[in-house]
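Me: Please take a close look at one part of this model and explain it to me carefully, as you would to someone in the first year of study. I would like to see how that part fits with what lies around it.

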Amino acid sequence: MGTAQNRGEQDEGDGGNIIGAILAGHDGRRSRIYHTAVHPEARGMGVGSLLAGHAVETLRALGLPKVAVGVYADNKAGNDFWEQQGFAIRDDLVYRELSL
C-alpha cells in the first residue's frame, strides 16, 4: 500500500519484535482489509486500532470510498473489534467461495 515508511514501523520499546500486522489492498474501486493480527500479549493495548486506523486513512487518502473486512461469525473478539472501529454488518451480501 505504498512506501516502506507507511507499511510498517518498528518501535525499539518492544525489543524490535513485531507485535502486529495488517494487510490491506484495493483494485482501484474497492478496498479490503485481508488480514489483521496482534500478538496475544499486546492485545488490548491499542495496537490493532492503530493498524486499522492507519490502513483506513491510507485507503481514504487514495480516494477509495469504503473498505470491507471479513470476520468469522463465531469470532466474538474480532467482530467486537471491527464494530468498535466503525465497521457495520451488511445484510445484503452473501459471501461465497470455491475450493480449489
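Reply: G53 has a relative accessible area of 32% in this predicted model, and it therefore counts as partly exposed, since buried would mean under 20% and exposed over 50%. This glycine belongs to helix α2, and its C-alpha atom is separated by 8.1 Å from that of Q85, although the two residues are 32 apart along the chain.

To see where helix α2 belongs, it helps to read the whole chain once. The protein chain has three helices and three strands, which follow one another in the pattern α-β-β-α-β-α. Of its 100 residues, 18% are buried. When contacts between residues at least 6 apart in sequence are considered, 54% of them join residues at least 24 apart.

The three strands form an open sheet in the order β1-β2-β3, and the pairing within this sheet is mixed. The edge strands are β1 and β3, the latter covering residues 67-69, and each of these two pairs on one side only. From one strand to the next, the twist averages 25°. Helix α2 packs on this sheet, where it touches β1, β2 and β3, and its direction makes about 20° with that of β1.

The word "mixed" can be followed strand by strand. Strand β1, residues 20-26, runs antiparallel to strand β2, residues 31-38, and seven bridges join the two. As an example of this pairing, L23 stands opposite H35 in β2. The two strands form a hairpin with four residues between them, and G28, in the turn, has a positive phi of about 95°. On the other side, β2 and β3 run parallel and are joined by three bridges, and here R32 has A68 in β3 as its bridge partner.

One residue of β2 deserves a pause. S31 is placed in this strand, and it counts as buried because its relative accessibility is 6%. A polar atom of the S31 side chain lies 2.5 Å from the backbone oxygen of K66. Leaving out residues up to four places away in sequence, S31 touches G25, H26, L59, L64, K66, V67 and A68.

The helix also takes part in the largest nonpolar core, which is made up of ten residues: A24, I33, A52, A55, V56, L59, L64, F81, W82 and F87. Two elements, α2 (47-61) and α3 (76-84), give two or more residues to this core, and α2 gives the most, with four. In soluble globular proteins, nonpolar side chains tend to be buried together.

The aromatic members of this core can be looked at ring by ring. A pair of aromatic rings is described by the distance of the centres and the angle of the planes. There are two aromatic pairs in the model. In one of them, F81 and W82 are arranged edge-to-face, with 4.8 Å from centre to centre and 80° between the planes. In the other, W82 and F87 have ring centres 5.0 Å apart and planes at 75°, an angle over 60 degrees, so this pair is edge-to-face as well. F81, W82 and F87 thus form one aromatic cluster. F81 and W82 are both buried; for W82 the relative accessibility is 8%, which is why it counts as buried. F87 is buried too, because its relative accessible area, 19%, is under 20%.

F87 is also a good place to bring helix, sheet and core together. This phenylalanine is found in the segment after α3, and its C-alpha atom is 8.1 Å from that of V69, a residue 18 places away in sequence. Apart from its neighbours within four places in sequence, F87 is in contact with I33, V56, V67, A68, V69 and W82. Among these partners, I33, V56 and W82 belong to the nonpolar core, and V56 falls within the range of α2, residues 47-61. The picture that began with G53 in helix α2 therefore includes a sheet on which that helix packs and a core to which the helix gives four residues, and the partly exposed state of G53 itself follows from its relative accessible area of 32%.

Terms used. Residues are numbered from 1 along each chain as its sequence is written. This is a predicted model: local features need pLDDT of at least 70, side-chain atom pairs count only at pLDDT 80 or more; totals for chains, interfaces and linings use all residues. Side-chain values use heavy atoms; hydrogens and water are left out. A nonpolar core is a set of buried Ala, Val, Leu, Ile, Met, Phe, Trp, Tyr and Cys residues joined through side-chain atoms within 4.5 Å. Buried means under 20% relative accessible area, exposed over 50%, partly exposed in between (1.4 Å probe, protein chains only). Two strands pair if DSSP finds at least two bridges between them. Rings of Phe, Tyr and Trp (its six-membered ring) pair if their centres lie within 6.5 Å; planes under 30 degrees apart count as stacked, over 60 as edge-to-face and the rest as tilted. Axes are lines fitted to C-alpha atoms, for helices over the stretch in contact, and angles run from 0 to 180 degrees between N-to-C directions. Contact means heavy atoms within 4.5 Å. A polar contact is a pair of N or O atoms within 3.5 Å; within protein, one must be able to donate a hydrogen and the other to accept it, and residues adjacent in sequence count only if both atoms are side-chain atoms.
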